[in-house]
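Me: I am new to this structure and would like to know how the terms used for it are justified. Could you take my questions in turn and set each value against the rule behind the word?

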Amino acid sequence: MSDYKLILPSMGEGVMEATVTNWIKNIGDTIAEDESVVEIATDKVDSDVPSPVSGVLKEILVPVDGIAKVGEPIAILSVDGVVEQTETTEEVDTNSDQEIADAAKSIEVEVAAIKSETVITSSDDKFYSPLVKSIAKEEGVSQAELDRITGSGKDGRVTKDDILNFVKNRGNQATNQVATISTSSAPVTQTQAPQVSAPISVGEGDEIIEMDRMRKIIAQNMLQAKQIAPHVTSFIEVDMTNIVLWRDKNKNEFLKKHGEKITFMPIFIEAVAKAIQDFPMINVSVDGDRIIKKKNINIGMAAALPSGNLIVPVIKNADQFNLAGLASQVNDLANRSRNNKLKPVEIQGGTYTITNIGSFGNTLGTPIIPQPQVAILAVGAIVKKPAVIETPQGDMIAIRHKMYLSHAYDHRVVDGALGGMFVKRVAEYLEAFDMNTPV
């Protein structure tokens with residue numbers, strides 16, 4: 001038998017390393033081709049790594065809580081025969097010269113920023129997981145502060161709980177430091193006091209539930225999104241009668257022909273993709289004083305997990321799929337979301353997001369824009385309502401299927417005119433849905 005090195009695969013743009021959270025297989029276990037071997041976590045998503053070959057797990061190179069870099073081996077398998085394998089410590093994806101140059105420039109900028117700060121260098125060679133570094137960046141924790149945190153993990157490694165506790169108590173520490181300085185004769189420079197949450201009293205019978213890792217990431221991202229983008233929300237009511245009747249009539253034939261259930265989400269995505277082509281300045285991101293106009297239309301769809309948490313898989317180039325293709329994409333991503341089978345790259349790169357609050361019976365909502373996008377659409381529940389309709393014989397009252405769209409947008413770059421016209425265009429595409437659309 002020969003040895004095969006199991007490599008940590010590329011997990012998408014910007015993801016260079018991952019933390020090993022659990023070894024599914026133990027040394028000596030037999031592994032089938034494409035069978036999952038290890039669970040990993042990045043600062044974006046939890047995932048697992050399958051083996052591209054069958055064999056026996058011979059050696060584990062990265063222990064639980066250890067950090068693995070993309071392109072480096074994490075385990076050794078014994079396999080029958082000889083398997084060709086190119087050893088590399090570089091990222092699996094092949095980068096163009098321009099991408100390499102851009103990456104080098106980005107690293108230089110980061111290094112310059114670090115050098116510009118007063119940093120106390122740790123005497124130990126400390127390693128920090130992607131999640132810890134992500135929290136440190138979002139909370140403004142300097143390298144000097146990070147090095148001073150006493151880690152409770154293996155070999156003194158700083159865990160997510162360690163840094164979250166540090167952030168939670170940092171305000172009190174800063175207040176104490178200011179109080180100490182103010183009693184001395186040295187001049188005090190007045191600075192803005194850090195915001196500290198009010199103390200929460202825990203009464204008898206109250207239950208304390210620790211946030212899981214994903215809940216903490218969601219909380220951090222939502223707080224960051226509200227701090228960065230001034231949110232404005234526009235609402236419009238849509239007549240969904242044609243779509244509801246078409247779906248009721250054709251859902252069985254659609255399933256038989258395409259092997260996919262047809263829900264309303266693919267129809268929403270199709271309408272949004274068309275509206276983005278009409279109003280491309282919705283499909284942008286903000287980088288300081290620059291507006292980055294996105295070429296691709298990558299639409300995220302918020303999906304609720306059995307745990308109650310939320311994840312947003314992304315349909316890349318959504319405008320290039322027909323209705324059957326979108327249905328396939330939606331069903332596949334939704335199913336794998338619920339089973340925690342998404343790859344990190346599948347939740348990255350979104351340029352616009354749709355969230356279906358109607359699945360919970362809600363009619364209106366004010367969704368939070370996921371950074372770095374500038375808009376998000378919430379689709380409400382479809383309900384029957386009496387409505388006035390115009391006919392050649394005059395106005396009539398009829399029962400129609402109605403739905404509200406809630407469009408939240410970043411007022412830094414999207415004004416009310418653009419935000420309102422965009423959601424109106426989405427509504428127009430939905431109301432103009434052809435009852436004779438072929439399956």
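Me: Which residue of β8 does glutamate 59 stand opposite, and how do you know that strand β6 and β8 pair?

Reply: In this predicted model, glutamate 59 stands opposite isoleucine 76 in β8. Strand β6, residues 55–60, is joined to β8 by 4 bridges, and the two run antiparallel; since pairing asks for at least two bridges, the 4 bridges found here satisfy the rule, and the two strands therefore count as paired.

Me: How many bridges join strand β1 to β8, and what stands opposite leucine 6?

Reply: Strand β1, which covers residues 2–7, is joined to β8 by 6 bridges in the antiparallel sense, and leucine 6 stands opposite alanine 75 in β8. As pairing needs at least two bridges, the 6 bridges make this a pair by the definition.

Me: What makes strand β8 count as mostly covered?

Reply: Strand β8 runs over residues 73–79, and 6 of its 7 residues are buried, where buried means under 20% relative accessible area. In the protein as a whole, buried residues make up 38% of the 439 residues.

Me: Why is lysine 25 called buried?

Reply: Lysine 25 has a relative accessible area of 15%, and because the word applies under 20%, this residue is buried. Its place is in the loop between β2 and β3, the latter being residues 30–31. Not counting residues up to four places away in sequence, lysine 25 touches Thr30, Ile31, Glu35, Ser36, Val37, Leu57 and Ile60. The C-alpha atoms of lysine 25 and glutamate 39 are separated by 9.9 Å, with the two residues 14 apart along the chain.

Me: What does glutamate 39 stand opposite, and how do you know that its strand pairs with β2?

Reply: Glutamate 39 in β4 stands opposite asparagine 22. Strand β2 (residues 17–23) and strand β4 (residues 36–41) share 4 bridges in the antiparallel sense, and with at least two required, they therefore qualify as a pair.

Me: What is the order of the open sheet that holds these strands, and which are its edge strands?

Reply: The open sheet has 4 strands in the order β5-β4-β2-β7, paired antiparallel. Its edge strands are β5 (46–50) and β7 (67–69), because each of them pairs on one side only. From one strand to the next, the twist averages 45°.

Me: Is lysine 216 buried or exposed, and how do you know?

Reply: Lysine 216 has a relative accessible area of 11%, which is under 20%, so the residue is buried. This lysine 216 is placed in helix α5, residues 213–228, and, leaving aside its neighbours within four places in sequence, lysine 216 is in contact with Asp161, Leu164 and Met211.

Me: Why is histidine 401 called buried, and what does it touch?

Reply: Histidine 401 comes out at 17% relative accessible area, and because the limit for buried is under 20%, the word applies. Histidine 401 lies in strand β19 and touches, among residues more than four places away in sequence, Val238, Asp239, Met240, Thr241, Val244, Ile382, Val383 and Lys384.

Me: How do you know that β18 and β19 pair?

Reply: They are joined by 9 bridges and run antiparallel, and as at least two bridges are asked for, the two strands therefore pair. Lysine 384 stands opposite histidine 401 in β19, and a hairpin joins β18 to β19 through 2 residues.

Me: What makes a space inside the protein a cavity, and how many does the search find?

Reply: A space is a cavity where a 1.4 Å probe fits but cannot get out, and the search of the whole structure finds 1 cavity of 30 Å³ or more. The largest cavity has a volume of about 30 Å³, and its lining consists of Glu237, Thr363, Ala381, Val383, Lys385, Lys402, Met403 and Tyr404. The lining residues divide into 4 nonpolar, 1 polar and 3 charged. Both β18 (383–391) and β19 (394–410) supply at least two lining residues, with the largest share, 3 residues, coming from β19.

Methods:
Residues numbered from 1 in each chain as written. Predicted model: local features only at pLDDT ≥ 70, side-chain atom pairs only at ≥ 80, totals over all residues. Heavy atoms only, no water. 1 Å grid on protein atoms, 1.4 Å probe; cavity = no way out; pocket = protein on both sides within 12 Å on 5 of 7 lines; lining within 4 Å. Points joined across faces, edges and corners; volume = space filled by probe spheres on them. Nonpolar A, V, L, I, M, F, W, Y, C, P; charged D, E, K, R; others polar. Buried < 20%, exposed > 50% of the residue type's maximum accessible area, 1.4 Å probe, protein only. Contact = heavy atoms within 4.5 Å. Axes fitted to C-alpha atoms, helices over the stretch in contact; angles between N-to-C directions.
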